[in-house]
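Trainee: I'd like to learn how to read a protein model. Can you walk me through one?

Mentor: Sure, let's have a look together.

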Amino acid sequence: SSGINAEWPLRPGFLAPIRFAEDLDARRRDFVEMDRFVADIDGGSEQTITRSSEDSSVTLPPTVTVQDIQDGKCGDSPYSPCGCGWPRNLLVPRGTSQGMWADLYVLVTDWKKDAANEDTYLSASVAYCGKRKSEYPDKKPMGFPFDRKFSKSKFPDLEKMVKDVPNSATKQIKIIFLENSD
């Protein structure tokens, strides 16, 4: 990074199962966006950012139940009941009891350049669905950077992409399903 303190949108939720025989262009549609959010990052330093899956910008807002209505808990809800987004319980793949390997990809870009409107707040399924009665909050296309074909010579694999794309990183993770985890 450049050493400048700024707000940056983090695109930390691209997850894809590992397929060793495939090049990056063949795999690009396997990557699923799990979150996108804006955070203050001190340039030039390593930081750990913790975020709840409940705050994901791709998941459905909480469902209003009949009990919520009877208890008067839904009158001032900021959530829209549009039904667009990914179910929260399906955000992370189940994996297997032996473990399912996946590539996690993270990209940080400049929100001051990317925001369609500086007052935009990335919340509840906005990354998949946009915002009601307004333009899509990010100038980058949905699914960026996996929204376009990759040149096999420029980006033959994810590691080469990370090497050539500033402010990006990847990590192989193992998702283990624990059947009886009490």
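Mentor: Let's start with a term: two residues are in contact when they have heavy atoms within 4.5 Å. Keep in mind that this is a predicted model.

Trainee: Okay, so which residues does Lys-171 touch, not counting residues up to four places away in sequence?

Mentor: Lys-171 touches Ala-102, Asp-103 and Leu-104 on that count. Lys-171 itself lies in strand β5, residues 168–175.

Trainee: Is Lys-171 buried or exposed?

Mentor: The cut-off for exposed is over 50% relative accessible area. Lys-171 has 57%, so Lys-171 is exposed.

Trainee: And what about nonpolar residues?

Mentor: In soluble globular proteins, nonpolar side chains tend to be buried together. Here the largest nonpolar core has 13 residues, and Leu-24, Phe-31 and Leu-158 are among those with the most contacts inside it. At least two residues of this core come from each of β1, β4 and α5, and α5 gives the most, with three.

Trainee: What does Leu-158 touch, leaving out residues up to four places away in sequence?

Mentor: Its partners include Leu-24, Phe-31, Tyr-105 and Phe-146. There's also a second, separate core of six residues, including Leu-15 and Val-58.

Trainee: Which element has the lowest mean pLDDT, and which the highest?

Mentor: First, the general idea: where pLDDT is low, the predicted coordinates should not be read in detail. In this chain, helix α4 has the lowest mean, 63, and α5 the highest, 91. Over residues 1–9, pLDDT stays under 50. The chain averages 76.

Terms used
Residues are numbered from 1 along each chain as its sequence is written. This is a predicted model: local features need pLDDT of at least 70, side-chain atom pairs count only at pLDDT 80 or more; totals for chains, interfaces and linings use all residues. Side-chain values use heavy atoms; hydrogens and water are left out. A nonpolar core is a set of buried Ala, Val, Leu, Ile, Met, Phe, Trp, Tyr and Cys residues joined through side-chain atoms within 4.5 Å. Buried means under 20% relative accessible area, exposed over 50%, partly exposed in between (1.4 Å probe, protein chains only). Helices (H or I, at least four residues) and strands (E, at least two) are DSSP runs, numbered from the N terminus. pLDDT is the predictor's confidence in each residue, from 0 to 100.
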